[in-house]
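User: Please take a close look at a single part of the structure shown below, and explain it in terms that a first-year student can follow. Where it helps, please go on to other parts as well.

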Amino acid sequence: MQCSCLSCRSCAGSTSQILDLGTSPVANRLLDAPHDSAPLFPLGLVQCQVCGLVQNSTNLPGSLLFDDKYPYFASVSSAVRQHASSLANALAQRLASNTRTLEIGSNDGAVQVALAQHGIKCLGVDPASGPAQVARSAGMQTCIGTFDSKMVDKILTDNPTFDAVHMSNVLAHVGKPNLLLIEAARCLSDDGILMVEVQSWLALARCGGFDMVYHEHHSHFSLSSIAHLFNACGFAITEVETHNMQGGSLRIWARKGTAHAEDILAAIAAEAAQLARAPDQLNAALIRFRRDSERFLAELGSTPLYGYGAAAKTVTLLAASGQHWPLLAIADAAASKFGRYLPLNGIPIIAPTDLPPEGGEMLLFAWNLAGEIAPNYPNWRIHVPVPHLRVLQ
Ligand SMILES: [Zn+2]
């Protein structure tokens with residue numbers, strides 16, 4: 001493996017490259033006009049030789065990655081809303097009534113609304129003002145800004161410490177996860193609960209989901225790499241659950257302390273063999289997709305092709321394929337994306353209702369939501385790209 005000079009963002013250990021996807025634009029920065037410029041940056045993964053954390057090989061500053069137009073609104077997907085409801089149930093089971101929680105990365109308030117139904121007050125924090133305003137409109141108290149020491153000073157001036165601090169799909173998206181956890185600890189009462197959901201690196205490798213690698217996704221955690229990070233930040237893991245969200249996620253419960261639970265230590269030992277195989281699995285999926293997409297496009301010829309799901313992973317997939325995809329448009333359920341363009345080839349994004357009613361050929365980039373989306377398009381021939389390019393219906 002090629003050596004990299006990048007040091008681990010968790011433990012500062014040295015890293016080596018395990019995946020090279022070539023170059024890609026910043027995936028969530030949609031264009032206002034099809035020919036607007038979208039600079040390309042190297043995209044790939046390196047792995048820490050000390051704690052095993054997998055992280056992006058190119059670290060771009062937050063100012064390049066997120067802005068006021070950040071287009072992700074959690075509540076657009078019914079699967080995400082159901083997940084918010086299940087998370088609220090899990091928190092409610094562990095908390096007394098009339099407790100108060102803090103959600104880092106509260107987006108448009110899906111989890112806050114679900115917690116309110118259990119009588120739990122949740123203060124949200126999110127840097128993206130668009131989704132945060134949606135949460136405020138729904139009556140959810142939300143601080144807009146980056147969750148840093150300054151923000152925490154302000155929160156703790158206005159509030160006592162919280163009974164739980166929780167975050168879903170946030171830890172992987174910050175440049176310094178250790179600093180975020182240290183600030184989270186300040187906000188948490190001494191016997192409070194920390195809940196962190198992250199996409200699972202092992203599940204990603206197992207399903208060949210190389211499209212989940214994009215610049216905004218700084219880190220890919222396994223149980224062992226997150227346990228290493230938690231220990232360094234003064235948290236001990238008490239429970240871990242696996243979920244199907246985002247192609248496979250870990251829901252980790254922790255408290256302030258130094259010793260992970262016995263069964264957590266056993267689970268860490270058990271994942272070692274699969275961790276060793278994971279880079280080869282992901283590279284094999286990439287090689288297969290490049291080969292399959294060449295054949296797919298040759299067979300497609302001049303038949304019109306539409307896409308569904310203008311997500312970050314769509315950009316990675318198209319960029320990594322090394323092919324030019326003649327997509328006429330990509331439909332997406334998020335109204336904030338309508339009329340904008342993918343930062344690759346300027347592909348227009350349309351409302352699902354603007355897809356041709358007669359159907360045709362569709363590439364479903366949102367393959368993790370296939371069960372939710374595909375039944376709505378019975379007259380389309382739907383292809384999914386992951387775990388391998390194939391006809392779904
Ligand atoms: Zn490390």
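Analyst: The bridge partner of Leu102 in strand 6 is Leu123. This is a predicted model, in which local features need pLDDT of at least 70 and side-chain atom pairs count only at pLDDT 80 or more, while totals for chains, interfaces and linings use all residues. Residues are numbered from 1 along each chain as its sequence is written. Strands (E, at least two residues) and helices (H or I, at least four residues) are DSSP runs, numbered from the N terminus.

Strand 5 comprises residues 100–104, and strand 6 comprises residues 121–126. These two strands pair in the parallel sense over five bridges; to pair, two strands must have at least two bridges between them according to DSSP. Together with helix 3, residues 110–116, strands 5 and 6 make a right-handed β-α-β unit. Right-handed means that, with the strands pointing away from the viewer, the path from the first strand over the helix to the second runs clockwise.

Strand 5 has a further partner in strand 8, residues 162–168, with which it pairs in the parallel sense over three bridges. Here the bridge partner of Thr101 is Ala164 in strand 8. Strand 5 is also mostly covered, since four of its five residues are buried. A residue is buried if 20 or more other C-beta atoms, placed from the backbone, lie within 10 Å of its own, exposed if 12 or fewer do, and partly exposed in between.

Burial can also be followed on a helix. In helix 6, residues 177–187, the buried residues are Pro177, Leu180, Leu181, Glu183, Ala184 and Cys187. They lie on the same side of helix 6 because they cover an arc of only 160° around the axis; the arc is that of the directions from the helix axis to the C-beta atoms.

A second helix offers a single residue to examine. Ser225 lies in helix 8, residues 223–232, and counts as buried because it has 26 C-beta neighbours inside 10 Å. Neighbours within four places in sequence aside, Ser225 is in contact with Ser10, Cys51, Gly52 and Leu53, contact being defined as C-beta atoms, placed from the backbone, within 7 Å.

Strand pairing appears again in an open sheet of six strands, ordered 15-14-13-16-17-18, with mixed pairing. Its edge strands, 15 (349–350) and 18 (390–391), each pair on one side only. Within this sheet, strands 13 (residues 305–308) and 14 (residues 327–331) pair in the parallel sense over four bridges. The bridge partner of Tyr308 in strand 14 is Ala331.

Terms used: Contact = placed C-beta atoms within 7 Å.
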